[in-house]
Amino acid sequence: MARNDQRTRLTRMLIRQAFTGLLREKPVQSISVKELCDRADLNRGTFYAHYTDIYDLLHQIEDEMMQDFQAALKPLLDSPAADLTPLKITTGIFKCLKENADLCAVTLGKYGDKDFATRLLTIGRERCLESYSKYFVNATPKQIEYYYSFVSAGCIGLLEKWLADGMAASAEEIASAAENIMMKGIHFLE
């Protein structure tokens, strides 16, 4: 049984790698199962044993990442306010994004699924607004929304740069840079 589980994980990983590689080159509607299977060096029957079509593959990968993203945020929200810092919030998010680097690169790329990116941002927004409200207790809800809008746009830019650099820096380093920029603004450069 364990051998079959391992084989299934390996097959799904090969399919995911081939798929995200193709998504870097063309939109999802231009990818065929045959082309994907050729790239993954698998037969079509193996693909159809796991997915009904290309869109099912895309949705399953996105759903897995969404679950990972929510799981990364959950401990942050369950933390007492005294233990909650922007660094902890940002580190959890960047760790999740690094674990799903292939999908992040595709989502943010030319042929990315912008609806999925919007769903991620919406979840991040809800969770971060709640967390920031605990951390910045004297801020108004409107101030926190403005803060989140500014910070999330900056974090997306930071994520794009991190991806472009091959994610060589650790998630902790990027989260620390993000926190310093968020908390110190231009003084981050000093």
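The legends below describe an overview and three close-up views of a predicted model.

**Figure 1. Overview of the predicted chain and its helices.** The chain contains nine helices and zero strands, and reading along the sequence therefore gives an unbroken pattern of α elements, α-α-α-α-α-α-α-α-α. Taken along the principal axes, the box that the C-alpha atoms of the chain fill is roughly 60 × 35 × 30 Å. The close-up views that follow turn to the largest pocket and to the contacts that helix H7 makes with H6 and with H8.

**Figure 2. Close-up of the largest pocket, with a volume of about 410 Å³.** The lining of this pocket is made up of 22 residues, and those closest to the centre of the pocket are Ile93, Leu97, Leu121, Cys155 and Ile156. At least two residues of the lining come from each of helix H5 (86-99), helix H6 (101-108), helix H7 (114-135) and helix H8 (141-164). When the lining residues are sorted by class, 18 are nonpolar and four are polar, while no charged residues are found among them.

**Figure 3. Close-up of the packing of H6 and H7.** The axes of these two helices lie 8 Å apart, and the helices pack at an angle of about 115 degrees. Because angles from 65 to 115 degrees count as roughly perpendicular, H6 and H7 are described as roughly perpendicular to each other. The crossing in which H6 passes H7 is left-handed. On the H6 side, the contact is made by Leu103, Thr107 and Leu108, and on the H7 side by Lys114, Phe116 and Ala117. Sorted by class, the residues of the contact of H6 with H7 comprise four nonpolar, one polar and one charged.

**Figure 4. Close-up of the crossing of H7 and H8.** Here the helix axes come within 10 Å and cross at roughly 130 degrees, an angle that makes H7 oblique to H8. The crossing of H7 and H8 is right-handed, whereas H6 passes H7 in a left-handed crossing. From H7, the residues Leu121, Gly124, Arg125, Cys128, Leu129, Tyr132 and Ser133 take part, and they meet Ile144, Glu145, Tyr147, Tyr148, Val151 and Ile156 from H8. The residues of the contact of H7 with H8 divide by class into nine nonpolar, two polar and two charged. Two of the residues in this contact, Leu121 of H7 and Ile156 of H8, are also listed among those closest to the centre of the largest pocket.

Definitions and conventions: Residues numbered from 1 in each chain as written. Predicted model: local features only at pLDDT ≥ 70, side-chain atom pairs only at ≥ 80, totals over all residues. Heavy atoms only, no water. 1 Å grid on protein atoms, 1.4 Å probe; cavity = no way out; pocket = protein on both sides within 12 Å on 5 of 7 lines; lining within 4 Å. Points joined across faces, edges and corners; volume = space filled by probe spheres on them. Helix = DSSP H or I, 4+ residues; strand = E, 2+ residues; numbered from the N terminus. Nonpolar A, V, L, I, M, F, W, Y, C, P; charged D, E, K, R; others polar. Axes fitted to C-alpha atoms, helices over the stretch in contact; angles between N-to-C directions. Parallel < 35°, antiparallel > 145°, perpendicular 65-115°, else oblique. Left-handed = near helix turned anticlockwise from the far one by under 90°. Contact = heavy atoms within 4.5 Å.
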